[in-house]
Amino acid sequence: MIACVLIPGFELRAALRSRPGLELEPAALVPEPGTEALLGPVTVAAEAEGVRAGMRLGEALAACPQLVLVDPDPAAVEREWEGVLRRLEDAGIAVEPVEPGVVVFETRGVERLYGGVAAALRRALAAVGTAWDPRAGAAGRRFAALAAASVARPGQILVVEEKDERDFLAPLPLTLLPLPRERYAELEGLGVRRLGELAALPGGAVAERLGPEGRRAWQLARGGERRRVHGRAPAVELAEALSFPEAVANELTLRRALAALLARLLARPERAGRPLRKVALAARLVTGGSWRRTVTLREATAEQARLRAALGPKLADLPAPVLELRLEAVELAEHTGTQLALVEPGGKELEGRLREGLRQVRASTGTGSVCAVVEVAPWSRIPEARALVVPRDV
Amino acid sequence: MRGAGRGPATSRLNAPRPALVEAHVDGSPRLVNRQRVVLVREEWRVVDRWWTEEPVNRRYFEVVLESGENACVYRDAEAGCWFSQRA
């Protein structure tokens, strides 16, 4: 069976870890800057005041003037979520994280260890910890397991047998499906309010009316596809941090700090010569929140210059001055060397590679970033009249 | 120079950039971008397009600065300003 452990509102709970008193107050996670002004998860006290996740900010403040707005803390989310996953792994469970607050795993490996599915799920909930109010569900397919965990109460375990899945899903609300808000409204307008009602419709008609996302939702309402759970590769614990005596906003200083962090990280003996595949840059901000960006490198590397080139531009996204900069090696490659070509590529192959490289530059930096030099008057005595730089599409 | 419509801009290669130059009485540069000139390697004039609305009258100097850097600057006699440019 596939099991799912769910912690609703994980981002808010993680952000409130550093402000413990607020858990019992009406509080809500504010949206990320630059996104639509819709509230994130809310506390139970806020729900009691009529505030709901996904509500407009102005509407929520009108309903509950004493609502405390909590800034997102992605670094805390990452840290706490990693802690939850490691505790589950320590219990012998090979986890596949879906998103912060949702993790799935295959129960077959731990059923015999703990004496049954229910016992394994109880162990998983204990490993997560009661402070997070986790709930668990198990079923033959992922979506049914997620649905079971979604309707379970905190600390409860809900196991749905494979033969009962369709009956179990039928009365559940459509909000369990990953659909945009306007789609729910559209479906409600058509009189479809439950998963069973959606599942009963012909698949072709749903796809025609709602497009590919509607088709996917229809498939999920019927239980979803059978996909195996792949336990994640154990995360590496390689990180370097640099604290500043006072908040820093100067990009040059931050770039120097990044270079120092890279040098320290690459010198760590635990790396054992393996190049970095995925790195994360995190910062503690002077405003009290945090910031984090993850970069997956197209080609794993341990070259400082290439890593600096990949991470440096991210520093420009920092929303506020920084108190601490942290660099984490999220994933290391398994190999220690790079296979070089015996014969240097030439002719069409080289041209193809060059074209592909230019295409990638253009895709990442936008139109006009790839230019050609066109000679217009090479004989001219005026240097700037000899050639033009003309943007070109690759 | 701008391309037509909203497309990306076409620009001149090696366009001159304004330079901060202090000159001797004879017109040769003494300081270029706050660096002392230690050697004037070459000097030449470009006079062109005198028959048009935009005549060109430049006095070029290829110099070596105290940091060891080579620089090429010119004084535009029409505008009365100094520019740096790779000749």
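Let's start where the two chains meet: R12(B), in β1(B), is the bridge partner of L388(A). Keep in mind as you look around that this is a predicted model. The bridge belongs to an antiparallel pairing, in which two bridges join β1(B) to strand β13 of chain A, residues 387–391.

Stepping back to the whole contact, chain A contributes 12 residues and chain B contributes 14. On the chain B side, β1 (11–12) and β5 (35–48) each supply at least two of the residues that touch chain A. That side of chain B is made up of seven nonpolar, four polar and three charged residues.

Now let's move into chain A, to an open sheet of four strands with antiparallel pairing, ordered β8-β11-β9-β10. Because β8 and β10 (290–301) stand at the edges with a single partner strand each, one side of each is left without a neighbour in the sheet. From one strand to the next, the twist averages 15 degrees. Helix α4 (residues 74–90) of chain A packs on this sheet, touching β9 (276–285) and β10, and its direction makes about 65 degrees with that of β10(A). Helix α13 (residues 304–311) of chain A also lies across β9 and β10, running at about 135 degrees to β10(A). As for β8(A), seven bridges join it to β11 (residues 322–332), and V248(A) has V322(A) as its bridge partner there.

Finally, look at the loop between α11 (203–221) and β8 (238–248) of chain A, where you will find R232(A). R232(A) counts as partly exposed because it has 13 C-beta neighbours inside 10 Å. Its contacts include V95(A), E96(A) and P97(A). The C-alpha atoms of R232(A) and V95(A) are separated by 6.1 Å, although the two residues are 137 residues apart along the chain.

Methods. Residues numbered from 1 in each chain as written. Chains lettered and ligands numbered in written order. Predicted model: local features only at pLDDT ≥ 70, side-chain atom pairs only at ≥ 80, totals over all residues. Contact = placed C-beta atoms within 7 Å. Nonpolar A, V, L, I, M, F, W, Y, C, P; charged D, E, K, R; others polar. Pairing = 2+ DSSP bridges. Buried ≥ 20, exposed ≤ 12 C-beta atoms within 10 Å, placed from the backbone. Axes fitted to C-alpha atoms, helices over the stretch in contact; angles between N-to-C directions. Lists of a residue's contacts leave out its neighbours within four places in sequence.
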